[in-house]
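Colleague: Mind walking me through this one? I'd like to hear what each label rests on.

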Amino acid sequence: MSDGPTFVGDTPTRTAPVADIRGLRVGYRTPRGPLWAVDGIDLQIAPGESVGLVGESGCGKSSLGRGLVQLLPPGAGVRGSVELDGEELVGASASALRRKRGDDIALVFQEPMTRLDPLMKVSSHFIETIRAHRPGVSKDEAHHMARTALAQMGIPPTRVDDYPHEFSGGMRQRIMIALAIVLQPKLIVADEPTTALDVIVESQILDILDRLRRDESVGLVLITHNLGIVAETCDRVAVMYAGRIVEVGPVEEIFRDPKHPYTRGLLASTISLETTELHTIEGYPPDLIDPPPGCRFNPRCPDRMPHCTQIDPVLTPVAATGAHQAGFAPGAHQAGFAPGAHQAACLLYPGADGSRPAESAERAEGDSL
Amino acid sequence: MTEPSPISGTGTAATTRTPLIEVRDLATHFPVRGSLFGRGSSAAVRAVDGVSFDVYPGEVFGLVGESGSGKTTLGRSLLKLVEPTGGSVRYKGRDLVPLSERDMRPLRRELAFVFQDPNASLNPAMTIGQGVGHPLRIHGLVSSRSEARTAVAEMLERVGLHPGESFLDKYPEDVSGGQKQRLVIARALITRPTFVVADEPVAALDMSVRAKVLELMLELKRELDLTYVFITHDLATARFLCDRIGILYLGRFAEWGDTERLFDDPQHPYTRALLDAIPLPDPDRRGRDKSLPRGEIPDALQPPLGCRFHPRCPVAFADCGWEGRDLVDALEERWTDVDEDTFERELGMVGNLGDAVVGDDVVRFPSAAPSELAAWLRAEGERLPTSVFSAVEDVETGSDGVTVRFRPGPEPDEQQVAGRRVACHLHGVTVRPDGTHVGDPAAAASAEAPGSQR
């Protein structure tokens, strides 16, 4: 049942993306030199589309999420472009970014309690947020908006004036989501939103997020280490490894027919109710200060070929069907990027030995932060 | 206390062997000081509240539940890492509960606990050689430092840290998360125990590493003849690893028995809900019907009356133990789903919920419009989001409020259903003899008559 506005199928939607990421790099300074946690990423998210970002810890998925909303620690470097609804975020002023966050783009984190002020009533959080972004809204109107958003998340109107500690963990996450959507953003970035929750509450929260993006046409980027969550709630999945997307495409295709050896390894090592045998990916993700030459996965790859240590593969269409022809942005194909397609960056597939267009310019600028 | 019924929970060969561990009516309550709760004077968090099961040699018994289910406290109580407040834990026939810590000492060598958080069991100031070898010194199992180092190096090899010697002088912070968890296992097994309680040993690890540690645990179990109690919130891991499983809810088993039977054909609505909720890595199974319970696991300080799961249960009915606070919750849930005018009108009738007087089998709303509220409740009660109203015996209109009385429901006892033990009234109403509340004795007796197992 994939009735979300995906890019695949018989009637590809050609709406403009809510988020258009091109050649994004996010780097941190370290004593040993720059560490590019996100190292050249192209990704587009359509209205109402849900994209899962998966990978092991340290693959860069959280840095990508933070890069998307430009919420990075001081000293972090960002290259490339993130357009939100046509507006460039990279290099935007702090005040413009503050306006964008909340208005157009919202974040949901793993631990809601760190984002809620224990000394403020839940309703006050809403009133403050709403009036900061919509100065014309009266307190009463804001209170009313809070009640509506909270009720939508299953928080009774009798409790809107309670304090955060009076709620359970699941309720707090519902409050965070209500707070994120009260201004009707176009994109929600949820970073492991259910990792701290039990499986039943997790399922409740995922249902809420899924309903939201379908009913309100919000784009959803769901960052998670749990492939089950992606399979159940996302239209597309982007598998990240060592700061890059190594495989991307419709969830149905990638789970049924994963192309990249890393994706295959991740799927095989997932313990599900059907697991009868344990599988692992040997080794560990590489040191991103000095990534291995060629394909970054080659030291751990069960299918490694001699040239894998020399050629750094790019994403190339791998689907047998014509699904990859369904791009939404005119010119996307000229740029060698077909957003809805099943693609993998692996030399097992023809075309993966091409050059990295978005990044070559960056490389010329140098790696320094 | 009655003699516990046969505690096999399964019809397998396990019953013919002698259990290594026999747990009977085990309870671990934590007193709460300065509490103002009305129900009796014995305010306590009832973390473990009457659990009975056996663990057989060589078996992996899983304790599965959400946070707050009592699984960690139960696991720790088995080894007396927390002091049980009732019941017994027999290890090789000897009850550990009354033993002093001094008497426990010689047994500790045989009983191991693997902690979830490696930092809790590895002293960061000790080298790996010292830290992992520490139990050897405590139990006087080695006579020299070099003997200890040899034993540690050998154990490190066993847990997959090669070469063992190269780790001896490193510190825990020098190794990765997966390796750290191996160290924790090495430390737990260095005294060659027979019985190991492992509390979420892989929960903090990446999927790709998790499988390796589980594999290691199974390997060590075979090689060293171990018996495990494995504590987890992850049903998929439990299914893979455990021979039998107990599903804990608020300190008691909802259902327990043979793993395959539980997973193939769950008999308790809570087990079914847990299974339904697991996200499956299979897009073809998207949008399948899930019987998701409402809300979250409540406070173990005041567990719900009757069946502890009833307020969340998607199939609860009149006998399940509905009580005053359930009606308040049902009203609140209803109000998340009505327009603002309806909410204001109904709230006006009911009055401030904070002023409602909530008792076990009664709730009183100090309403300004009592007859209007009573009429509304009688008409709309059945349409509330839970089946709380099915247990309402009486809606009484007073001059300054409305009193709603409930038929008490007994707490279900465990009964044998399809080869496992289940505590649920759906299989015939039963009465748990030590239930926290079975309500009115007459009602309990009448509930006991048909379909009762006692």
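Colleague: What do the buried residues of α3(A) pack against?

Modeller: They pack against α4 (139-152) and α5 (169-181) of chain A. The helix labels are DSSP runs (H or I, at least four residues; strands are E, at least two), numbered from the N terminus. Bear in mind that this is a predicted model, where local features need pLDDT of at least 70, side-chain atom pairs count only at pLDDT 80 or more, and totals for chains, interfaces and linings use all residues. Residues are numbered from 1 along each chain as its sequence is written, while chains are lettered from A and ligands numbered from 1 in the order in which they are written.

Colleague: Which residues in α3(A) are buried?

Modeller: A:Val122, A:His125, A:Phe126, A:Ile127 and A:Ile130. Buried means that 20 or more other C-beta atoms lie within 10 Å of the residue's own; 12 or fewer is exposed, in between is partly exposed, and the C-beta atoms are placed from the backbone.

Colleague: How do you know that the length of helix α3 of chain A agrees with what it should span?

Modeller: The expected span is 1.5 Å times one less than the number of residues. For the twelve residues 122-133 of chain A that gives 16 Å, and the end C-alpha atoms are 17 Å apart, so the two agree.

Colleague: Why is A:Arg147 called buried?

Modeller: Because A:Arg147 has 23 other C-beta atoms within 10 Å, and the cut-off is 20 or more. A:Arg147 lies in helix α4 of chain A. Leaving aside neighbours within four places in sequence, A:Arg147 is in contact (C-beta atoms, placed from the backbone, within 7 Å) with A:Pro157 and A:Val160. The C-alpha atoms of A:Arg147 and A:Ser123 are separated by 7.9 Å, with their positions 24 residues apart along the chain.

Colleague: What makes β6 and β11 of chain A edge strands?

Modeller: Start with the open sheet: eight strands in the order β6-β7-β8-β3-β9-β10-β12-β11 (chain A), with mixed pairing. β6 (105-108) and β11 (316-317) of chain A each have a single partner strand, so one side of each is left without a neighbour in the sheet.

Colleague: How do you know that β9 and β10 of chain A pair?

Modeller: Pairing takes at least two bridges found by DSSP. Six bridges join β9 (residues 236-241) to β10 (residues 244-250) of chain A, and the strands run antiparallel, so they count as paired. One example is A:Arg236, whose bridge partner in β10(A) is A:Pro250.

Colleague: Which residues touch the most other members of the largest nonpolar core?

Modeller: A:Ala178, A:Val221, A:Val239 and B:Ile247, out of 215 residues. The core is a set of buried Ala, Val, Leu, Ile, Met, Phe, Trp, Tyr and Cys residues joined through C-beta atoms within 7 Å. Not counting residues up to four places away in sequence, A:Val221 touches, among others, A:Ile45, A:Leu53 and A:Val189.

Colleague: What gives the most to the side of chain B that touches chain A?

Modeller: The contact takes 38 residues from chain B and 41 residues from chain A. On the chain B side, α7(B) gives the most, with seven residues.

Colleague: How much of chain B is buried?

Modeller: Buried residues make up 48% of its 454 residues. Chain B has 14 helices and 16 strands.

Colleague: What is the average pLDDT of chain A?

Modeller: Chain A averages 87 on that score, the predictor's confidence in each residue from 0 to 100, and 88% of the residues score at least 70. Over residues 1-13 of chain A the pLDDT is below 50.

Notes
Contact = placed C-beta atoms within 7 Å.
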